[in-house]
Amino acid sequence: MGDPHRVGVVGLGVISRAYLDTLANHPAVSIAALADLDASRSAAVAATIPGAEALSVERLLARPDVQTVLNLTIPAAHADISLGAIEAGKNVYVEKPLAVAFADGRSIIERAASAGVRVGCAPDTVLGTGTQTARAAIDGGLIGRPLSASAVMVTAGHERWHPNPDFYYVPGGGPLLDMGPYYISALIHLLGPVRAVVGAASRLRAERVIGSGPRTGQRVPVEVDTHVSGVLEHANGALSTITTSFDGVATTAAPIEVHGETGTLSVPDPNYFDGEVRLFALGGTEWSVLEPRAGYAQASRGIGLIDLVRADGQRPPRAGGDVALHVLETMTTLLRSAAEGRRIELTTVAERPAPVPLTAIEAWNA
C-alpha cells in the first residue's frame, strides 16, 4: 500500500463530523489540513486529528501536498471553493449539490477536465447496500422491465432541528436542492439518466421560525419554493414521479418504489446507506425482504471520496461529477419547468455509475 492520499477539508459545519469520523481513521486517507470561516473551530477540530493543521482557506488551497479538497461549505460557496481547488491542481469532492446554479456546476466539470483533476460529489449514500441491492435486483430481472418509480420526501422543515437553517431557504436551498440529490441520484443508479422533466412548485409561508439552539424563536425569510413535485422522463422510457417538501408533517409513502412488469421494489431511504429492500412479485401474496447483495456494507459519509481515491483513474468515481452535474441540471430544470409551466429537455447525459459489488466493511475500511 502506498502513502495515504492527503485531503484538505474546507467547511466544518454540522455535516463535517460524519465525514471526519470515516476519513480520519481510514488508512487510504490522511487529513492534512482543515479550514473554516471560524478559525477557532478549525483549530479545535485539528487538535483532535493527528497530523492535521488548521489553516485559512487560501493557505489550504495553496498547500502543495493536499491532493484532494473535501468541500463541505454551504451550497452558495460550493462553486467558488471547488473552482479554487481545481485552479490549484487539486481533485475536489464536494457536499451536495455540486453548485447552486447549473452554469457553475458545468464550469466545475469543464475546468476539472481541462486541468486533469477529478470531481466527486455527494450523496455517496447511494453506494450503500440499500440502493445498490435494489439496483442489483433490477439488473438481475427480479421485476422484469422497469416501467416507473416514485420518490417521496416530506418533512415540516429543517428549521425545527437545525440551529442555523437560513441557507435552506435561500437560492440553492429548498427541499429539492437540499434533499433531491439523494432521491434523484438513487433514481439514476436504479433507472439511468433523465432526458426531460415537468415540474410544479409552491411556497407555504414567507417565514420560518427556528426551533432549536441559541437562535430559537428567530424568524428566517423564505426565498425559495418549499414544495416541489415533478415527473422525470428517463432515457430508457421509465417515468419517475418525485415530491420533495418542507411543507408537510408526515407520510406513509415508501421513500422510493420501482415498478416493473413482474414486480415492485420498495427501496429504503436514500438519505441512509442501508435498509430493507422489499420485493412484491407478480402473483405473490406478500412482500419479501431481499438480503443485501451489492454495495459497501456498513458504509458512512466519505465512502464516495474513498471510492474516488481508490479508483485512481482506472474508472470514473461512482459518486462522480458527471452524475452530480446531471442531478443538478435535473433539479434546476425541474424548478424552471415549474416556473414556466412546460416540459423541458435536459442537455446533459450521465452514464449509470459502475455497480458496487457487495463489499464488507473489513474490505473497504482497510
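Start your tour by selecting arginine 342, which is partly exposed, with 40% relative accessible area. Keep in mind as you click around that this is a predicted model. Now add glutamate 340 to the selection: the side chains of Arg342 and Glu340 meet in a salt bridge, 2.7 Å from N to O. Glutamate 340 is partly exposed too, at 41% relative accessibility.

**Stop two: the parallel sheet**

Switch to a cartoon view and look for the open sheet built from 6 strands, with parallel pairing. Reading across, the order is β3-β2-β1-β4-β5-β6. The edges are β3 (53-54) and β6, and each has a single partner strand, so one side of each is left without a neighbour in the sheet.

Select strand β1, residues 5-10, together with β4. These two run parallel and are joined by 4 bridges. To see one pairing up close, pick glycine 8, whose bridge partner in β4 is valine 69.

Next, hop over to β5. Strand β4 (residues 68-71) and β5 are parallel and joined by 4 bridges. Which residue of β5 is the bridge partner of leucine 70? Click on tyrosine 93 and you have found the partner. To follow the chain between these strands, trace from β4 through helix α4 (residues 75-87) to β5; this β-α-β crossover is right-handed.

Stay on β5 (residues 91-94) and turn on the side chains. Asn91 and Tyr93 point one way, while Val92 and Val94 point the other way. In a regular strand, side chains alternate between the two faces of the sheet. Are these β5 residues buried or exposed? All of them are buried.

On to the next strand in line: β6 (residues 119-121) pairs with β5 in the parallel sense, over 3 bridges. Tyrosine 93 turns up again here, standing opposite glycine 120 in β6. Show helix α5 (residues 102-115) as well, and you will see that β5, α5 and β6 make a right-handed β-α-β unit.

Before leaving this part, select Arg6, Glu53, Arg59, Arg63 and Asp65. They are linked in a network of salt bridges.

**Stop three: the mixed sheet**

Now find the open sheet of 9 strands, where the pairing is mixed. Its order is β16-β15-β14-β13-β7-β12-β11-β8-β17. The edge strands are β16 (288-290) and β17, and each pairs on one side only.

For an antiparallel pair, select β14 (residues 263-267) and β15 (residues 277-281), which are joined by 4 bridges. Within that pair, glycine 263 stands opposite alanine 281 in β15.

Then move along to arginine 195 and glutamate 233, whose side chains meet in a salt bridge, 3.8 Å from N to O. Why is this pair worth a click? Arginine 195 lies in strand β8 (residues 194-202) and glutamate 233 in strand β11 (residues 227-234), so the pair ties together parts that are 38 residues apart in sequence. Color the two by accessibility: arginine 195 counts as partly exposed at 42%, whereas glutamate 233 counts as buried at 15%.

Next, show the surface and select Val198, Val231 and Leu239, which make a nonpolar patch of about 200 Å². Leucine 239 belongs to strand β12 (residues 239-245). At 41% relative accessibility, leucine 239 counts as partly exposed.

**Last stop: two close-ups**

Select aspartate 307 and arginine 315. They form a salt bridge, with the closest N and O atoms 3.0 Å apart. Which way does each one lean, buried or partly exposed? Aspartate 307 is buried, at 2% relative accessibility, while arginine 315 is partly exposed, at 24%. If you want to hunt for others, the count for the model comes to 22 salt bridges.

Finish at threonine 359, in the loop between β17 (344-345) and α10 (361-364). Threonine 359 is buried, with a relative accessible area of 16%. Zoom in on the side chain of Thr359, which reaches the backbone oxygen of proline 357 at 2.8 Å.

Note on methods:
Residues numbered from 1 in each chain as written. Predicted model: local features only at pLDDT ≥ 70, side-chain atom pairs only at ≥ 80, totals over all residues. Heavy atoms only, no water. Patch = residues over 30% accessible without salt bridge, like charges linked within 9 Å, V, L, I, M, F, W, Y side chains within 5 Å. Areas by Shrake-Rupley, 256 points an atom, 1.4 Å probe, with all protein chains shown as cover. Salt bridge = Lys/Arg side-chain N within 4 Å of Asp/Glu carboxyl O. Buried < 20%, exposed > 50% of the residue type's maximum accessible area, 1.4 Å probe, protein only. Pairing = 2+ DSSP bridges. Right-handed = clockwise from strand over helix to strand, strands pointing away. Polar contact = N/O pair within 3.5 Å; in protein donor to acceptor, adjacent residues only side chain to side chain.
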